[in-house]
Structures are given as structure tokens and as C-alpha cells.
Amino acid sequence: MAEIWKGAPVAEALNARAIAQVEALGARGIHPTLAIIRVGERPDDLSYERGAMKRCEKLGVQVRRFLLPQQASQAQLLEAIAQVNGDPGIHGCLLLRPLPPQMDEEAARRALSPAKDVDGITDGSLAGVFTGSGEGYPPCTAQACIEILDHYGYSLQGKRAVVVGRSLVVGKPVAMLLLARHATVTICHTRTQDLPGICRGADLVIAAAGKPRMLTQAYFAPGQVVLDVGIHVLEDGSMCGDVDDEAAQQLAAAVTPVPGGVGTVTTSVLAAQVVAAAGKAVG
Ligand code: NAP
């Protein structure tokens with residue numbers, strides 16, 4: 001049976017480091033601060049916002065919310081982003097998306113300063129992930145996968161890693177982060193042929209397809225490490241990931257659970273990146 005790699009100890013270790021850094025910055029009069037920009041009241045946004053605020057509060061990271069009505073104009077949104085960019089007391093920004101249809105998300109992404117983009121949505125942040133230049137910050141979920149592997153002592157060097165999914169939020173950035181750690185990476189998507197066979201040949205499988213329990217027994221081989229990024233709420237209110245966890249647990253060496261796995265680490269990464277941004281801002 002596989003080991004279960006829970007997210008909680010990973011998040012706790014990240015939180016402990018962040019608390020120490022917040023204290024050190026506080027002694028210099030710097031108070032790491034996250035801006036949250038939300039348009040409207042989508043339940044998913046409200047839930048993520050609550051999680052982020054709770055995490056930040058615990059770590060001593062301050063939060064300032066910029067709340068716009070559902071019918072707000074693009075100009076109002078750009079004004080909020082300009083305020084965030086121009087305020088030296090704000091170190092990071094979470095722009096909740098998707099935005100309402102009257103808004104141009106691309107333009108909003110481009111308007112945000114990569115130096116404050118702690119959620120990895122700007123081209124500057126993605127360029128940083130692809131080039132290793134240090135510009136911006138990786139998307140939190142992609143970085144959460146790396147934090148889990150590091151915490152449990154999994155060395156990526158020379159490993160065959162398969163990422164199922166090629167979104168800009170998870171699949172592509174996590175593939176680049178794995179490559180930077182010297183894994184040999186295969187990125188899979190809906191046109192990939194023999195996906196189960198490709199997954200079986202991997203040392204590490206990262207499932208980010210957004211399909212409930214899509215990766216069944218045929219996708220796994222003994223000894224693998226399986227990170228399940230998927231989050232799905234089923235009709236009965238229970239949650240599952242992209243991995244059929246019973247099948248994975250029978251074969252793999254280690255599996256992250258859903259809930260309680262990758263998702264648990266994401267807001268800690270967000271807070272850690274705000275603290276890092278505050279540190280960079282003061283040099
Ligand atoms: P997305 O934008 O929908 O992308 C899904 C990717 O998976 C696409 O590249 C798609 O391929 C690929 N895919 C879908 N079905 C497939 C199939 N049958 N075979 C092979 N590839 C397939 O999703 P996302 O935003 O990356 O999110 C992925 C999952 O992670 C979702 O369940 C989401 O809820 C979860 N998530 C979790 C967190 C967290 O904190 N844990 C954060 C963000 C997202 P094509 O490109 O060919 O369409």
C-alpha cells in the first residue's frame with residue numbers, strides 16, 4: 001500500500017518559515033500585505049478568498065480587499081490594479097478569476113506588476129518560471145507540488161515525470177518547475193495517445209486534467225509517486241481528485257489525498273510568496 005503524502009505537514013513547515021520571516025520583517029517596520037481584488041460574489045471566489053484570508057491572518061500577513069460589483073467596468077478594475085501596483089505598502093496581489101464577461105482578462109493580467117503577482121498569472125511570472133530568471137512568482141498550485149516533493153524528500157533529478165494537463169495554471173508551469181529540477185518531463189493532454197501507457201512508464205505522475213477519478217488502475221505501476229491536483233465536489237457533497245485513489249494506493253509508493261493533499265498547501269504557498277515579495281521589496 002502506498003504512503004499517503006498529506007499536505008498539512010508541508011503547509012505547517014511553510015507556515016513556520018513564513019511566521020519567522022514576518023517577524024523579522026516586522027522588526028524592520030515592514031508588514032507583508034496581500035491585496036485581494038474580487039469582482040462580484042462567485043461562490044468559488046468567496047471560498048478561496050476566505051481560505052487565503054484565514055491563512056494570512058494566522059501568519060501575520062495583512063490583507064487589503066478591493067471589492068468591485070459584478071457590473072463594474074474594465075476601467076474600475078484597471079484603476080484597482082493601478083492602486084495595487086502603485087502602493088508600496090502592498091507586496092502581493094490575488095486577482096480572483098474568471099472575471100465577468102464584460103471584462104478583458106488578458107488586459108487585466110497585463111496590467112498587474114509581475115513584482116506583485118504572487119499568484120503567477122502575468123506573462124512576467126510565467127516567463128520567470130520558463131527562464132528561471134526570478135521574475136514574478138510561479139502559480140501557487142504548481143509550486144505547491146514542488147513543495148510537497150521537497151518536503152517528503154523526493155529527488156527529481158533524472159526521474160521520468162508525466163504531467164497530465166497543459167493549462168497555464170497548473171500543467172505547463174509545474175512541468176517547467178520539474179524540468180528545472182532535472183526531471184525528464186512529458187506533458188500530456190486530450191490528444192495524447194496511449195496516456196495510460198505513458199503514465200505507467202513514469203516515476204512521477206502529476207494529475208491535473210480536471211476529470212474526476214480519470215486516472216484508473218491502468219495508469220499506474222508499482223513504486224510510482226502520484227500527486228493529485230484535481231479537486232471535484234461530487235453530488236453527495238464528498239470530494240475526489242483526478243486519480244482513482246484506491247487504484248493508485250494499491251500500486252504506487254506514495255499518493256497525495258484529495259481532500260487534504262495539494263490543495264491544502266496552495267494558500268500557504270500564496271502567503272509565503274507575499275512574504276517573499278515583501279522581502280524583495282525592501283532588498
Ligand atoms: P483545465 O484548464 O481544464 O485544464 C485541464 C487540462 O487537462 C487540459 O490541458 C486538458 O487537455 C487536459 N485533459 C482534460 N481531459 C483530459 C483527458 N481525458 N486526457 C488527457 N488530458 C486531459 O484545468 P486546470 O485549471 O489546469 O485544473 C486541473 C485540475 O486541478 C482541476 O480539477 C482543478 O479543479 C484543479 N485545481 C486544483 C488546484 C489546487 O489548489 N489543488 C488549483 C487549481 C486547479 P487539452 O489542453 O487538450 O484540453
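**Ligand contacts, helix faces and loop residues**

Trainee: What distance separates an oxygen atom of the ligand from an N or O atom in the side chain of threonine 266?

Mentor: The model is predicted: local features need pLDDT of at least 70 and side-chain atom pairs pLDDT 80 or more, while totals for chains, interfaces and linings use all residues. Residues are numbered from 1 along each chain as its sequence is written, and side-chain values use heavy atoms, with hydrogens and water left out. A polar contact is a pair of N or O atoms within 3.5 Å; within protein, one must be able to donate a hydrogen and the other to accept it, and residues adjacent in sequence count only if both atoms are side-chain atoms. For threonine 266 and the ligand oxygen, the distance is 2.9 Å.

Trainee: How much of the ligand does the protein bury?

Mentor: A polar side-chain atom of lysine 211 lies 3.0 Å from a nitrogen atom of the ligand, and an N or O atom in the side chain of threonine 141 is 3.4 Å from a ligand oxygen. By the Shrake-Rupley method with a 1.4 Å probe, the ligand taken alone exposes 930 Å², and the share of this area buried by the protein is 70%.

Trainee: Is threonine 141 buried or exposed?

Mentor: Threonine 141 lies in helix α6, residues 140-151; helices are DSSP runs of H or I with at least four residues, strands are runs of E with at least two, and both are numbered from the N terminus. It touches (heavy atoms within 4.5 Å) Val170, Val229, Val262 and Thr266, not counting residues up to four places away in sequence. Buried means under 20% relative accessible area, exposed over 50%, and partly exposed in between, with a 1.4 Å probe and protein chains only. At a relative accessible area of 18%, threonine 141 is buried.

Trainee: Within what arc do the buried residues of α2 fall?

Mentor: Helix α2, residues 43-59, has 17 residues and reaches 25 Å from its first C-alpha to its last, close to the 24 Å expected at 1.5 Å a residue, where the expected span is 1.5 Å times one less than the number of residues. Its buried residues are Asp45, Glu49, Ala52, Arg55, Cys56 and Leu59. They line one face of the helix because, taking directions from the helix axis to the C-beta atoms, they fall within an arc of 135°.

Trainee: Which exposed residues does the face of α2 turned away from its buried side carry?

Mentor: The buried residues of α2 pack against α1 (8-27), β2, β3, β4 and α10 (262-282). The face turned away from that buried side carries Pro43, Arg50, Lys54, Glu57 and Lys58.

Trainee: Which exposed residues lie on the other side of α3?

Mentor: The buried residues of α3 are Gln74, Leu77, Ala80, Ile81 and Val84. They cover an arc of only 125° around the axis, which puts them on the same side of α3. Their cover includes β2 (33-39), β3 (62-68), β4 (92-95) and α4 (105-111). On the other side of α3, the exposed residues are Ala75 and Gly86.

Trainee: What is the relative accessible area of methionine 103?

Mentor: Methionine 103 lies in the loop between β4 and α4. Not counting residues up to four places away in sequence, it touches Val39, Ala72, Ser73, Gln74 and Leu77. Methionine 103 is buried, and its relative accessible area is 8%.
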